[in-house]
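Colleague: I've got this model open and I'd like to learn how to read its strands. Could you walk me through it?

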Amino acid sequence: MTIKTFTLALALSAGAAAPADAQQLGAADTGQILATVTRDAPALSETALQIWKYAEVGYQEAQSSALLQQRLTAAGFTVTPGVAGEPTAFVASFKNGAGPVIGVLAEYDALPGLSQAASPTRASLGGEAGHGCGHNLFGAASSYAAIAVKEWMVRNKIAGELRVYGTPAEEGGSGKVYMVRDGLFRDVDTVLHWHPGNTNSAAQGPSMANISGKFRFHGRSAHAAGNPDKGRSALDGVEAMDAMVNLMREHIPDRTRIHYVITKGGKAPNVVPDEAEVYYYVRHVDPAVVKAVWAWVKQAADGAAMGTQTKVDVEVTGGVYSLLPNAALMAVMDRSLHAAGAISWTPEETAFAQQIQTTLAPGAPPLASVGQIQRATIVDDALGGSTDVSDVSWVTPTVGLSTATFVPGSAGHSWQNAAAAGSSIGVKGAVLAAKTLALAAADLYRNPATIAAAKKEFAGRRGAGFEYKAMLGDRKPPLDYRKTAEE
């Protein structure tokens, strides 16, 4: 899809709204759901903080996934583990007769290099990873939202199917892409998700499409002083590639992002390294731009190999579309967020947040903003990151929200976020998310006309003749993508 088409799609979606005959969720329904989530808040907290302690990176979330599966099984869901060739993925289903099929996404992978105590000062726990994106909260809140909806469906004889999709490796591993590619969302009417954040908001907008991969250079080792002419440095290949890619930056479309880290470069200066590896991301809101820039990056790698008389191969480890918003579903999510209420902190939590804010860049929003709900709009600019939720949004109508689980002003993927995600501040945001997701799902079950409106909007925005093809091709899930080149 081109950026022109994408902009038009946003303009169309911005004018959409929930159907006029949609009914507000009744007071009885709302009260039942909120009471159930409140009842289960201690269990939600325990689950989220246990996953925070596990801090397992993508495709290695065995304990985190198992814990969520146990909670859902105990609540009456039928769980199918290991779907889409991903050992830590699962689908949990509750069926209550024929009716709408609604999915709820759950994530639980941590980020490498962000081990952090639940402390307002930098204090590593000595581990390799930490929940700097709050996915421990994400998975727990989604699961307990589904549990509340399931109980409500039984009590009120609501027909339909509710599914929780346990989705691993969102952070660069594109776990949901393989689930989409395997058709696991083919019969789903709508999908709900959320993400930990700094604000409470149901605003929708595009994310950035991306392709990521590892370039591995192969040279010939030799004594760096005695026989340097006999060697061919794989590290030279990496550095030459990086230099050329950095020169590209002047000539690529605006808002393109390219990031890389050298994951292997040799172990001793007096040995010409025969193996080296560099890990790249390319991002842009338009998937077509991502594909074109990635092809250029590959040409730079080939040129670097030629110039250094080395060889190079590339493994594409991830690739996702940009997120498609849905205004009809946004209206439901926004209404549910307002019904769920906002967040209030204790004096102790406020003091914790104030201390964290002293470590942030100047100009952080006031702490009181966590008690506010932002206006829900369709934005026409890309969000800063990428997500594999995007691929789900291209095969079924999808909507999300954020809640204030972090200290206002905190940067994503930071130790400050990891600290908050392991504290009661993070848990309060997760409870709000669980309430909102549960109310939104119930609203959709009560209002099939809204689902129909969302599908109509979805079809118009996606365009006629669209055929989903994964950005990462037909490769199998990269179950070892978080392992370093030295492992």
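Modeller: Sure. Start with what pairing means: two strands pair if DSSP finds at least two bridges between them. Keep in mind that this is a predicted model.

Colleague: And in which sense do β9 and strand β12 pair?

Modeller: In general, strands of a sheet pair through backbone hydrogen bonds, either parallel or antiparallel. Here, β9 and β12 (residues 311–320) run antiparallel, with nine bridges. To find the register, look at R216, which sits opposite D313 in β12. β9 also pairs with β11 (residues 275–284), again in the antiparallel sense, over ten bridges. There, G213 faces Y280 of β11.

Colleague: Why is strand β9 largely enclosed by the rest of the structure?

Modeller: Count the buried residues, meaning those under 20% relative accessible area. In β9 (residues 209–218), eight of the ten residues are buried, so the rest of the structure largely encloses this strand.

Colleague: Now the open sheet of six strands: what is its order?

Modeller: Read across, it goes β1-β2-β6-β3-β7-β13, and the pairing is mixed. The edges are β1 (78–81) and β13 (398–399); each has a single partner strand, so one side of each lacks a neighbour in the sheet.

Colleague: Which helix packs on that sheet?

Modeller: That's α12 (residues 424–446), which touches β3, β6 (161–167) and β7. The direction of α12 makes about 165 degrees with that of β7.

Colleague: In what sense do β3 and β7 pair?

Modeller: Parallel: β3 (residues 101–107) and β7 (residues 190–192) share three bridges. One to click on is I102, whose bridge partner in β7 is T190.

Definitions and conventions. Residues are numbered from 1 along each chain as its sequence is written. This is a predicted model: local features need pLDDT of at least 70, side-chain atom pairs count only at pLDDT 80 or more; totals for chains, interfaces and linings use all residues. Side-chain values use heavy atoms; hydrogens and water are left out. Buried means under 20% relative accessible area, exposed over 50%, partly exposed in between (1.4 Å probe, protein chains only). Helices (H or I, at least four residues) and strands (E, at least two) are DSSP runs, numbered from the N terminus. Contact means heavy atoms within 4.5 Å. Axes are lines fitted to C-alpha atoms, for helices over the stretch in contact, and angles run from 0 to 180 degrees between N-to-C directions.
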